[in-house]
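User: I have a fold in front of me and would like to talk through the aromatics, a strand and the cysteines. Can we go step by step?

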Amino acid sequence: MTAYKRPVSVLVVVHTPDLQVLLLERASHAGYWQSVTGSQEAGEALADTALRELAEETGISAPPGDLHDWQMSNCYEIFAEWRHRYAPGVVHNTEHVFSLQVAAGQAVVIAPDEHLDYCWLPWHEAAEKCFSWSNRDALLMLPERVSLAQR
């Protein structure tokens, strides 16, 4: 039996206090930059998915209390080239948005099977570099989201 990916995922925007954002370059698509992303596993809470993907893709471990759940989700069409990973007929994914503030100079260790490189950019430049509209939109909301979280 084939284990299909669930069409539920997380997007984790990793940023510093001055809103430098971590972007990762996809190994399967050089030039495609994104924040931390990943699919939820069966029985896994979304926050646990976010923390697991964060650790797997960047080597960053964070306590659950540091993760900020935006209580926001996006539904988008799965790229045709990736649909084979999902059950037949599944064409949309629901992505849940989180963020994590880290100290400037945070060490990053990328997973070479998933990413080629990483960079830190100011939030507005990071938004321009993202290939995904949902990732871009989340980055454009980051200053307001951080401000709300600090109130």
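**Aromatics, strand 1 and cysteines**

Analyst: Let me start with one residue, keeping in mind that this is a predicted model: Tyr32 has a relative accessibility of 31% and therefore counts as partly exposed.

User: What does Tyr32 form an aromatic pair with, and what is the geometry?

Analyst: The structure holds three aromatic pairs. In one of them Tyr32 is paired with Phe131, with the ring centres 4.6 Å apart and 35 degrees between the planes, an arrangement that counts as tilted.

User: And which parts does that pair tie together?

Analyst: Tyr32 sits in the loop between strand 2 (20-26) and strand 3 (33-34), while Phe131 sits in the loop between helix 2 (123-129) and helix 3 (133-150), so the pair ties together parts that are 99 residues apart in sequence.

User: Is Phe131 buried or partly exposed?

Analyst: Phe131 is partly exposed, at 26% relative accessibility.

User: Which residues form the aromatic cluster?

Analyst: One aromatic cluster is formed by Tyr32, Phe131, Phe79 and Trp82.

User: Changing topic, how many residues of strand 1 are buried?

Analyst: Strand 1, which covers residues 8-15, is mostly covered, with eight of its eight residues buried.

User: Which way do the residues of strand 1 point?

Analyst: In a regular strand the side chains alternate between the two faces of the sheet. Here Val8, Val10, Val12 and Val14 point one way from strand 1, whereas Ser9, Leu11, Val13 and His15 point the other way, and all are buried.

User: What about the pairing of strand 1 with strand 6 and strand 4?

Analyst: With strand 6 (residues 92-101), strand 1 pairs in the parallel sense over eight bridges, and the partner of Val10 in strand 6 is His96. With strand 4 (residues 36-39), strand 1 runs antiparallel and is joined by four bridges, and there the bridge partner of Val12 is Val36.

User: Last topic, then: how many disulfides does the structure hold?

Analyst: The structure holds zero disulfides. Cys119 is in none, and the nearest cysteine sulfur to its own belongs to Cys130, 9.0 Å away.

User: Why is there no bond for Cys130?

Analyst: The closest cysteine sulfur to that of Cys130 is in Cys119, and because the two are 9.0 Å apart, they are too far for a bond; the cut-off for a disulfide is a pair of sulfur atoms within 2.5 Å.

User: Are those two cysteines buried or exposed?

Analyst: Cys119 is buried, with a relative accessible area of 17%, and Cys130 also counts as buried, at 11% relative accessibility.

Conventions. Residues are numbered from 1 along each chain as its sequence is written. This is a predicted model: local features need pLDDT of at least 70, side-chain atom pairs count only at pLDDT 80 or more; totals for chains, interfaces and linings use all residues. Side-chain values use heavy atoms; hydrogens and water are left out. Rings of Phe, Tyr and Trp (its six-membered ring) pair if their centres lie within 6.5 Å; planes under 30 degrees apart count as stacked, over 60 as edge-to-face and the rest as tilted. Helices (H or I, at least four residues) and strands (E, at least two) are DSSP runs, numbered from the N terminus. Buried means under 20% relative accessible area, exposed over 50%, partly exposed in between (1.4 Å probe, protein chains only). Two strands pair if DSSP finds at least two bridges between them.
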